[in-house]
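This briefing goes through a single protein chain, topic by topic. Please have the sequence and the model open while reading.

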Amino acid sequence: MKSTGKMPLRMCCVCREMHPKQELIRIVTQKDGSIFPDATGKAPGRGLYVCRRESCIETCCRKRVLNKVLHTVVSEEVYESIQRASQQT
Ligand SMILES: [Zn+2]
């Protein structure tokens, strides 16, 4: 399918494939160090994305992918909230 340019694509930080934004979970990192899944897509801060594929969510949480991507220690709570967010449709 040819891209129309109307569908913004973002890269999943786990599989590194490009996906339409709505198929990804946005995770926001803010200046004060807080990290959380952003359901609205509008929270300020640096965003990164994980696709909703079960395997990517699982890999993200199991391998602590965010720790590597963000070069920081991401708390277990954050990973749990990402898992919860992935289960909401
Ligand atoms: Zn992915």
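Histidine 71 is exposed, because only 7 other C-beta atoms lie within 10 Å and the cut-off for exposed is 12 or fewer. This residue sits in the loop between H2 and H3, and its phi is near 55°, a positive value in a residue other than glycine. The model is a predicted one. The points below move from backbone details to the overall fold, the sheet, helix H1 and the nonpolar core.

**Backbone with positive phi**

- Most residues other than glycine have a negative phi.
- Histidine 71 departs from that pattern, with its positive phi near 55°.
- Arginine 64 is likewise not a glycine and has a positive phi of about 55°.
- Arginine 64 comes just after H1, in the loop that leads from H1 to helix H2 (65-70).
- Arginine 64 counts as partly exposed because it has 14 C-beta neighbours inside 10 Å, a number between the limits of 12 or fewer for exposed and 20 or more for buried.
- Glycine 33 also takes a positive phi, near 95°, in the hairpin of S3 and S4.

**Overall fold**

- The protein contains 3 helices and 5 strands.
- Their order along the sequence is β-β-β-β-β-α-α-α.
- The radius of gyration is 13 Å, which agrees with the value near 12 Å for a compact globule of 89 residues.
- The C-alpha trace spans about 40 × 25 × 25 Å along its principal axes.
- Of the 89 residues, 21% are buried.
- Considering contacts between residues at least 6 apart in sequence, 48% join residues at least 24 apart.

**The sheet**

- An open sheet is formed by 3 strands, in the order S4-S3-S5, with antiparallel pairing.
- Strand S4 (35-38) and strand S5 (46-51) are the edge strands; each has a single partner, so one side of each lacks a neighbour in the sheet.
- From one strand to the next, the twist averages 30°.
- Strands of a sheet pair through backbone hydrogen bonds.
- Strand S3 (residues 24-29) runs antiparallel to S4 and is joined to it by 4 bridges.
- Across this pairing, valine 28 stands opposite phenylalanine 36 in S4, and threonine 29 stands opposite isoleucine 35 in S4.
- The hairpin of S3 and S4 has 5 residues between the strands.
- Helix H3 (residues 76-87) lies across S3, S4 and S5, and it runs at about 5° to S4.

**Helix H1**

- The buried residues of H1 are Cys56, Ile57, Cys60 and Cys61.
- Viewed down the axis of H1, these buried residues fall within an arc of 125°, so they line one face of the helix.
- Exposed residues Glu54, Ser55 and Arg62 are carried on the face of H1 that is turned away from the buried side.
- The cover over the buried residues of H1 includes S5, H2 and H3.

**Nonpolar core and valine 50**

- In soluble globular proteins, nonpolar side chains tend to be buried together.
- The largest nonpolar core here has 16 residues.
- The residues with the most contacts inside this core are Cys12, Ile27, Val50, Cys56, Ile57, Cys60 and Ile82.
- S3, S5, helix H1 (54-62) and H3 are the elements that give two or more residues to this core.
- H1 provides the largest share of the core, 4 residues.
- Valine 50 is found in strand S5.
- Valine 50 counts as buried because it has 28 C-beta neighbours inside 10 Å, against a cut-off of 20 or more.
- Not counting residues up to four places away in sequence, valine 50 touches Cys12, Cys13, Val14, Leu24, Ile25, Ile27, Cys56, Ile57, Cys60 and Ile82.
- One of these contacts is with cysteine 13, which is 37 residues from valine 50 in sequence but 5.7 Å away in space, C-alpha to C-alpha.

Note on methods: Residues numbered from 1 in each chain as written. Predicted model: local features only at pLDDT ≥ 70, side-chain atom pairs only at ≥ 80, totals over all residues. Rg over C-alpha atoms; globule rule 2.2 N^0.38 Å. Contact = placed C-beta atoms within 7 Å. Pairing = 2+ DSSP bridges. Axes fitted to C-alpha atoms, helices over the stretch in contact; angles between N-to-C directions. Core = buried A, V, L, I, M, F, W, Y, C linked by C-beta atoms within 7 Å. Arc of directions from axis to C-beta.
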